[in-house]
Amino acid sequence: ITPFNQGASIYLAKHKYLANHLLDAAGFPVPKAALFLATTFNRERLLQKLEHFNFPLVAKPAQDTVRGRDVLCNIKDMETLYNYLTEQLKTHK
């Protein structure tokens with residue numbers, strides 16, 4: 001943290017979903033995004049949240065990763081996405 005960066009700004013910059021949401025609300029073009037929490041994740045919620053998404057998709061943790069760690073690109077079906085999220089939500093919130 002420097003005198004030029006407030007803690008809230010740093011948190012926002014590190015949280016991919018929140019940054020996407022705020023940029024979208026401000027009118028910037030951003031990809032569609034959905035957030036899944038480990039405590040409430042299940043197949044039904046996945047299908048519901050992604051109803052208007054098209055494959056292929058990219059999935060990644062919302063925060064606490066850098067340089068593409070734990071990112072999965074070119075996801076072509078719901079089963080692959082479900083399996084990836086099920087595994088990743090064991091270590092990411």
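Start with the contact map of the protein chain: of the contacts between residues at least 6 apart in sequence, 41% join residues at least 24 apart. Keep in mind that you're looking at a predicted model.

Now switch to cartoon view and colour by secondary structure. You should find four helices and two strands, and walking from the N terminus the order is α-α-α-β-β-α. Line the view up with the principal axes, and the C-alpha atoms fill a box of roughly 45 × 30 × 25 Å.

Turn on the surface next. The accessible area of the protein chain is about 7100 Å², with 57% of that belonging to carbon and sulfur atoms. As for what's tucked away, buried residues account for 23% of the 93 residues. Colour by charge and you'll pick up 12 positive and 8 negative side chains, the centres of the two sets sitting 7 Å apart.

Next, select Asn20, which you'll find in helix H2 (residues 16–25). Is Asn20 buried or exposed? Its relative accessible area is 16%, and the cut-off for buried is under 20%, so Asn20 counts as buried. Show its neighbours too: leaving out residues up to four places away in sequence, Asn20 touches Val30, Pro31 and Ala33.

Time for the largest pocket, which holds about 860 Å³ of space. Select Ala34, Leu35, Lys60, Pro61 and Ala62, since of the 30 lining residues these lie nearest the pocket's centre. Which element gives the largest share of the lining? That's H4, with four residues. Elements that each supply at least two lining residues are H2, strand E1 (57–59) and helix H4 (78–88).

Now hop to the loop between helix H3 (43–49) and E1, where Pro56 lies. Zoom in on the peptide bond joining Phe55 and Pro56: this one is cis, with omega about 0 degrees.

Last stop, the backbone torsions. Pick Asp70, in the loop between E1 and strand E2 (72–75). Phi of Asp70 is near 70 degrees, a positive value in a residue other than glycine. With a relative accessible area of 27%, Asp70 is partly exposed.

Then move along to Asn74, which sits in strand E2 itself. What is phi of Asn74 near? The value is near 60 degrees, again positive in a residue other than glycine. Asn74 counts as partly exposed as well, at 45% relative accessibility.

Terms used:
Residues are numbered from 1 along each chain as its sequence is written. This is a predicted model: local features need pLDDT of at least 70, side-chain atom pairs count only at pLDDT 80 or more; totals for chains, interfaces and linings use all residues. Side-chain values use heavy atoms; hydrogens and water are left out. Buried means under 20% relative accessible area, exposed over 50%, partly exposed in between (1.4 Å probe, protein chains only). Contact means heavy atoms within 4.5 Å. Accessible areas come from the Shrake-Rupley method with a 1.4 Å probe; for residues, only the protein chains shown count as cover. Lys and Arg count as positive and Asp and Glu as negative; His and the chain ends are not counted. The place of a charge is taken as NZ of Lys, CZ of Arg, CG of Asp or CD of Glu. On a 1 Å grid over the protein atoms alone, a cavity is a set of points where a 1.4 Å probe fits but cannot get out, and a pocket is an open set with protein on both sides within 12 Å along at least five of seven lines; lining residues have an atom within 4 Å of a point. Grid points are joined across faces, edges and corners, and a volume is the space filled by probe spheres set on the points.
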